[in-house]
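Me: I would like a close look at a single part of this structure. Please take one strand and explain how it sits in its chain.

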Amino acid sequence: MQLAGPNGAGKTSLLRIIAGFAMADEGDVLFQDRSITKYYDEYAQELLFIGHKTGVNTQLTALENVAFWLKINGYDSKQDLYPILAKIGLVGLEDVPVRMLSAGQQRRVALVRLWLNSAKLWILDEPFTALDKSGVAFLQERFVEHLNAGGAILLTTHQDLTTHFSDLQTVTLEYRH
Amino acid sequence: MVKQHSYWQLFSAVFSKDLKLAFRQRAEIVNPILFFLIVITLFPLAIGPEPGLLARMAPGIIWVAALLSTMLGLDKLFRDDYHDGTLEQLIASSYPLPLTVLAKVAAHWVITGLPLVLMTPVFALLLNLESSALLATVLTLLLGTPLLSFIGAIGAGLTVGLQKGGILMSLLVLPLYIPVLIFATSAIDTSSMELAYSGQLAILGAMLIVAIIAAPIAISSALKVSVS
């Protein structure tokens, strides 16, 4: 599902409410018919959130960042990460502090998580920011894989999706003064 | 991708990440000790090098210096994680946030508090602290500095989202530091009179246990408020 709307319409705010970081003034967010505020831990098991602030520490290397993320989410961090880093175009850069990398490469360090999780629901805020064309296409391939595996994706983007998603729904928020 | 819940894995990941970062930017470790040393060397210069007077004032000076140098690093405790989005990832992790917070505060203490405890015997020489009071000083610092880290982290968590939260944090935290200061210096005073000071130590220990149990929960709530 794509969330569209002009700058300031509240896309990010809505995503943060759905991810459980902010409270809505009215109403409740349900996941599998259960309120996420009450069952947040179970919801968090099935949630992958990558926001504007990606959660990548710029002092650490790409490899350290990925391993840390795996550990705090209870995944096996001792697995061989090189094939995945190679796939996303970060090989040779895995031991460089992330602050030395370009914006697009830093974004890729965060996006590696998409290949390393078992969450059903992905909430992605502007995932294509700073990515090059091949990166965008590559990411959409991964989206298709995830959807075919029965997952759901909620994202905002100002770029047009180049891949055709058969069951894409678009919700447009309007800017209100 | 199989999930395997291990609280120890979470604790060690957060703890070792903070230590690793501190060792990469050495200023974080060196600054509090340097500040501590500067305060302690300036006092004899300012009030005169009379040994009796210095020995009398030493416990107070050491404790005030320790308290202020702990506060130096507090501002940084959650700031980087807040700005780069790591805090959101930690909240969205399926592990309980208080455990994460406990690991972060423990790392903060190892970086700022523990070096002070270890250096105190050396610095105490500069203030002519009596040997009978030295043990009491080290013991009170050992119980008191982690307490300062826990209390301070509540303030740091509440103010992390603010632009200039440093001053507000000091105002929030300092009143809560005063009981620690009173009991710690009272223990050292008692010890220099060659009396038993286990009572004050017991109170500090009790406060520390309450802080270990209750503070992580308070800090987690404060962080969630700051992130939203």
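Reply: What follows looks at strand β4 of chain A, then at the chain around it, and ends with one loop residue and a short look at chain B. The model is predicted.

Strand β4 of chain A covers residues 47-50. A:Leu47 and A:Phe49 point one way from this strand, while A:Leu48 and A:Ile50 point the other way. In a regular strand the side chains alternate between the two faces of the sheet. The four residues of β4(A) are all buried.

The strand has a partner, which is β5 of chain A, made of residues 121-125. β4(A) and β5(A) pair in the parallel sense, and four bridges join them. Within this pair, A:Phe49 stands opposite A:Ile123 of β5(A).

Next comes the chain as a whole. Chain A contains six helices and seven strands. Along the sequence their order is β-α-β-β-α-β-α-α-α-β-α-β-β. The radius of gyration of chain A is 17 Å, close to the 16 Å from the globule rule for 177 residues, so the chain is as compact as a globular protein of that length. Its C-alpha trace spans about 45 × 35 × 30 Å along the principal axes. Of the 177 residues in chain A, 28% count as buried. Among contacts in chain A with a separation of 6 or more, 70% are between residues 24 or more positions apart.

A UniProt record, an unreviewed entry, lists residues 1-176 of chain A as "domain: AAA+ ATPase". Over that span the chain is 32% helix and 14% strand, and the end C-alpha atoms are 22 Å apart.

A loop residue can be set beside the strand. A:Leu81 is found in the loop between α3 (62-72) and α4 (82-87) of chain A. A:Leu81 counts as partly exposed because it has 19 C-beta neighbours inside 10 Å, and a residue needs 20 or more to be buried. Leaving aside residues up to four places away in sequence, A:Leu81 touches A:Leu63 and A:Val66. A:Glu26 is 55 residues from A:Leu81 along the chain, and their C-alpha atoms are separated by 43 Å.

Chain B is described by another annotation. An unreviewed UniProt entry gives "transmembrane region" for several spans of chain B, including residues 106-127 and 133-160. Residues 106-127 of chain B are 95% helix and 0% strand, with end C-alpha atoms 29 Å apart. Residues 133-160 of chain B are 96% helix and 0% strand, and their end C-alpha atoms lie 38 Å apart.

Conventions
Residues are numbered from 1 along each chain as its sequence is written. Chains are lettered from A and ligands numbered from 1 in the order in which they are written. This is a predicted model: local features need pLDDT of at least 70, side-chain atom pairs count only at pLDDT 80 or more; totals for chains, interfaces and linings use all residues. Helices (H or I, at least four residues) and strands (E, at least two) are DSSP runs, numbered from the N terminus. A residue is buried if 20 or more other C-beta atoms lie within 10 Å of its own, exposed if 12 or fewer, and partly exposed in between; C-beta atoms are placed from the backbone. Two residues are in contact if their C-beta atoms, placed from the backbone, lie within 7 Å. UniProt positions are given in the numbering used here, feature names are shortened, and annotations may be inferred rather than shown by experiment. Two strands pair if DSSP finds at least two bridges between them. The radius of gyration is taken over C-alpha atoms; the globule rule is 2.2 Å times the number of residues to the power 0.38.
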